[in-house]
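Trainee: I am new to this structure, and I would like to take a close look at a single part of it. Could you walk me through one residue and its surroundings?

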Amino acid sequence: MEIKKCTMCGCEKIKKGKIHGMAAVVPLYYRTGMFGSALIVSFCSKCGEVLDMKVANPDKVKYQNEK
Ligand SMILES: [Zn+2]
């Protein structure tokens, strides 16, 4: 669902950004390798409130079954 309006200040300019590197989402139980994915965040251009966050490539996050 696309966010149209900031829930904090009502501003309608919502920007999208990407988090990657150290903040990448990785599986909870992973051993080695690059299994993470970037995060896409939608945030208000006025107050900076983060309104939505999603994993860019869920397929890249390889899960092992829990221990
Ligand atoms: Zn705002």
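**A close look at Lys15**

Mentor: In this predicted model, the protein contains zero helices and three strands, and along the sequence these follow the pattern β-β-β. Lys15 belongs to strand E1, which covers residues 14-19, and it helps to place that strand before turning to the residue itself. The three strands make up an open sheet, ordered E1-E2-E3, with antiparallel pairing. E1 and strand E3 (50-55) are the edge strands, each of them pairing on one side only, and neighbouring strands of this sheet are turned against each other by 20° on average, direction ignored. The partner of E1 is strand E2 (residues 39-44), to which E1 is joined by six bridges, the two running antiparallel; one of the bridge partnerships links Gly17 with Val41 in E2.

Turning now to Lys15, this residue counts as exposed because 12 other C-beta atoms lie within 10 Å, and a residue is called exposed if that number is 12 or fewer. Leaving aside residues up to four places away in sequence, Lys15 touches Phe43 and Ser45. The C-alpha atoms of Lys15 and Gly48 are 9.2 Å apart, although these residues are separated by 33 residues along the chain.

For the protein as a whole, 7% of its 67 residues count as buried, and among the contacts with a separation of 6 or more, 53% come from residues 24 or more positions apart.

Technical notes. Residues are numbered from 1 along each chain as its sequence is written. This is a predicted model: local features need pLDDT of at least 70, side-chain atom pairs count only at pLDDT 80 or more; totals for chains, interfaces and linings use all residues. Helices (H or I, at least four residues) and strands (E, at least two) are DSSP runs, numbered from the N terminus. A residue is buried if 20 or more other C-beta atoms lie within 10 Å of its own, exposed if 12 or fewer, and partly exposed in between; C-beta atoms are placed from the backbone. Two residues are in contact if their C-beta atoms, placed from the backbone, lie within 7 Å. Two strands pair if DSSP finds at least two bridges between them. Axes are lines fitted to C-alpha atoms, for helices over the stretch in contact, and angles run from 0 to 180 degrees between N-to-C directions.
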